[in-house]
Amino acid sequence: MKNDITISNIYPLLGLGFALHICSVTTGRSIELVATEERTNRSIDTFTNFSYVMKEFESLENWSRLCNISQTGHIDFDIVCIVEGNSSIKLSEFRNFTNHVSSHIRFDLSVICKDGIIHFPWPFRADKLHRIYIKDCRIKNYKTDFKNSLINSIPDTIKHLQMDNVTIILRIGELYDSLSKANSPITRAAECGPENAFSIILRGTTANIEDMQNYFMFDLETAIEQYNHYFNIQKRTCLYNNLEVYEISGMKDLEKNDVNKIVHTDVAENLRILNFSGNGMFDTIYKLQGWRLRFPVMEYIDFSNNNIKVIPMIRDYGMTVKKTKSVGLIAIRRNNITSLTKGMIDSFSTHEFVKVDISENPFLCDCGIIEVMEYLSTKTMPTAYDYLRTLKCENPSKVRGRQMITLSSTELNCNQKRSSIFQSSLWAS
């Protein structure tokens with residue numbers, strides 16, 4: 001009885017404390033058991049995923065022979081293909097493979113060619129394809145899906161796309177059929193590519209037509225005129241909500257539409273890097289009026305290594321755009337800008353939230369450059385534009401490689417009056 005009374009007296013006093021103590025022990029054991037069970041299940045799932053994916057992959061004769069597959073995470077697989085000589089692989093086979101695996105699997109695909117050919121229609125749609133990298137390949141059937149409406153139904157899962165040194169091999173008929181015509185537009189997938197991507201990088205892409213002897217069979221001139229017309233009136237806007245890096249560089253025949261769409265039409269509010277370098281561009285259709293309003297977080301715009309002859313008007317919108325966090329750099333280096341005036345320098349050298357880089361252009365240093373020399377010698381500019389004082393001459397040959405600011409009017413064969421003015425300004429500085 002004494003024990004019963006003692007226990008009955010103590011139990012109410014312990015109250016929740018005792019209950020919680022019991023629960024905490026039980027919960028700790030439960031958590032440990034659950035964690036162990038989850039690890040076991042995850043191991044089983046991982047093994048099941050790996051075994052199932054491997055089994056399906058081995059059924060692809062060419063792919064399993066030319067590619068290595070490895071599991072890099074619980075749901076992530078990496079496929080690396082080396083395509084040599086007469087070997088080839090088809091994206092259609094890869095699509096069939098991804099359709100048969102679990103819905104939560106993701107694939108990273110790298111295809112490197114050594115004189116090999118791949119049959120990959122743009123925009124490389126394949127369910128569960130997370131990342132695709134293609135290097136040194138010749139691609140056939142590139143435009144065969146341009147008007148295939150079924151492509152729009154394949155999930156757009158690509159987050160990163162990159163092609164390096166790729167040659168697109170076209171047939172005349174394939175090219176003709178892929179062009180937009182009345183009542184026959186190209187698909188959204190073909191026009192926009194991977195709209196959910198974080199990066200789209202196309203470097204050194206060229207195109208060859210393998211059956212030029214059949215050129216006379218198609219009225220390509222009319223078809224291209226129709227293409228430009230119907231492409232423009234479609235007014236389709238691509239929505240790149242994730243896109244941070246967009247690059248088309250090192251192309252000899254970059255179409256204006258490829259530039260105009262992303263600069264003027266498409267929506268990419270998170271774009272940080274825009275690269276159109278090395279494309280041989282001549283004109284300034286790429287004028288960036290309103291660039292900061294369209295690309296509020298832009299950090300770098302690269303138009304270097306082209307044939308641009310005129311410095312476009314570039315505005316500094318300052319901090320009027322709330323997302324602006326840093327100075328944006330616009331590179332127009334290594335183009336064909338030969339003339340430089342005080343007015344040109346004034347048009348951008350006071351900008352605080354954008355830096356325009358015009359260095360390494362083939363500047364002509366003659367008497368017309370005297371005003372610029374004087375200006376650079378005396379003007380106080382933001383630190384970002386100190387590089388202007390180091391600009392070098394390309395022509396004439398006798399002053400090639402010399403910094404503009406170090407020249408004298410005598411070296412440029414200019415009149416004495418101009419020379420004295422220049423010397424006075426130097427002493428005043």
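Which residues lie nearest the centre of the largest pocket? In this predicted model, K143, M251, D253, E255 and D258 lie nearest that centre, among the 40 residues that line the pocket.

**View 1. The largest pocket and the elements that line it.** The largest pocket holds about 1,200 Å³ of space, and K143, M251, D253, E255 and D258 are the lining residues that lie nearest its centre. At least two lining residues come from each of the strands β9 (167–170), β10 (199–203), β11 (206–209) and β12 (245–249), and likewise from each of the helices α4 (172–178), α5 (188–192), α6 (220–234) and α7 (256–265). Helix α7 gives the most to this lining, with five residues. By residue class, the lining of the largest pocket divides into 25 nonpolar, six polar and nine charged residues.

**View 2. The protein chain as a whole, as a setting for the close-ups of its sheets.** The protein chain has 429 residues, 43% of them buried, and its secondary structure comprises 11 helices and 18 strands. When contacts in the protein chain with a separation of 6 or more are considered, 79% of them are accounted for by residues 24 or more positions apart.

**View 3. The open sheet of 11 strands.** The strands of this sheet follow the order β1-β2-β4-β6-β8-β10-β12-β13-β14-β15-β16, and their pairing is mixed. Because β1 and β16 (354–357) stand at the edges with a single partner strand each, one side of each is left without a neighbour in the sheet. From one strand to the next, the twist averages 10°. Helix α3 (residues 91–99) packs on this sheet, where it touches β2, β4 and β6 (129–135), and the direction of α3 makes about 160° with that of β4.

**View 4. Strand β2 and its two partners, β1 and β4.** Strand β1 (residues 67–71) pairs with β2 in the antiparallel sense over five bridges, and a hairpin joins β1 to β2 through four residues. Within this pairing, S70 stands opposite D78 in β2. The pairing of β2 with strand β4 (residues 106–114) is in the parallel sense and extends over nine bridges; here D76 stands opposite R106, and the bridge partner of F77 in β4 is F107. The side chains alternate along β2 (residues 76–84), such that F77, I79, C81 and V83 point to one face and are buried, whereas D76, D78, V80, I82 and E84 point to the other face and are not buried.

**View 5. The open sheet of five strands.** This sheet has the order β3-β5-β7-β9-β11, with parallel pairing. Its edge strands are β3 (88–90) and β11, each of which pairs on one side only, and neighbouring strands of the sheet are turned against each other by 25° on average, direction ignored. Strands β3 and β5 (residues 117–119) run parallel and are joined by three bridges, with I117 in β5 as the bridge partner of S88. Helix α3 packs on this sheet, touching β3 and β5, and its direction makes about 50° with that of β3.

**View 6. Two cis peptide bonds in loops.** Most residues other than glycine have a negative phi, and most peptide bonds are trans. W122 and P123, however, are joined by a cis peptide bond with omega of about 10°, and P123 is found in the loop between β5 and β6. A cis peptide bond also joins N395 and P396, with omega of about -5°; P396 is placed in the loop between β18 (393–395) and α11 (416–428).

**View 7. Positive phi at D115 and N141.** Although D115 is not a glycine, it has a positive phi of about 70°, and its place is in the loop between β4 and β5. D115 counts as exposed because its relative accessibility is 55%, where exposed means over 50%. N141, also a residue other than glycine, has a positive phi near 65° and is found in the loop between β7 (138–140) and β8 (160–164). With a relative accessibility of 25%, N141 counts as partly exposed.

Definitions and conventions: Residues are numbered from 1 along each chain as its sequence is written. This is a predicted model: local features need pLDDT of at least 70, side-chain atom pairs count only at pLDDT 80 or more; totals for chains, interfaces and linings use all residues. Side-chain values use heavy atoms; hydrogens and water are left out. On a 1 Å grid over the protein atoms alone, a cavity is a set of points where a 1.4 Å probe fits but cannot get out, and a pocket is an open set with protein on both sides within 12 Å along at least five of seven lines; lining residues have an atom within 4 Å of a point. Grid points are joined across faces, edges and corners, and a volume is the space filled by probe spheres set on the points. Ala, Val, Leu, Ile, Met, Phe, Trp, Tyr, Cys and Pro count as nonpolar, Asp, Glu, Lys and Arg as charged, and the others, Gly among them, as polar. Buried means under 20% relative accessible area, exposed over 50%, partly exposed in between (1.4 Å probe, protein chains only). Two strands pair if DSSP finds at least two bridges between them. Axes are lines fitted to C-alpha atoms, for helices over the stretch in contact, and angles run from 0 to 180 degrees between N-to-C directions. Contact means heavy atoms within 4.5 Å.
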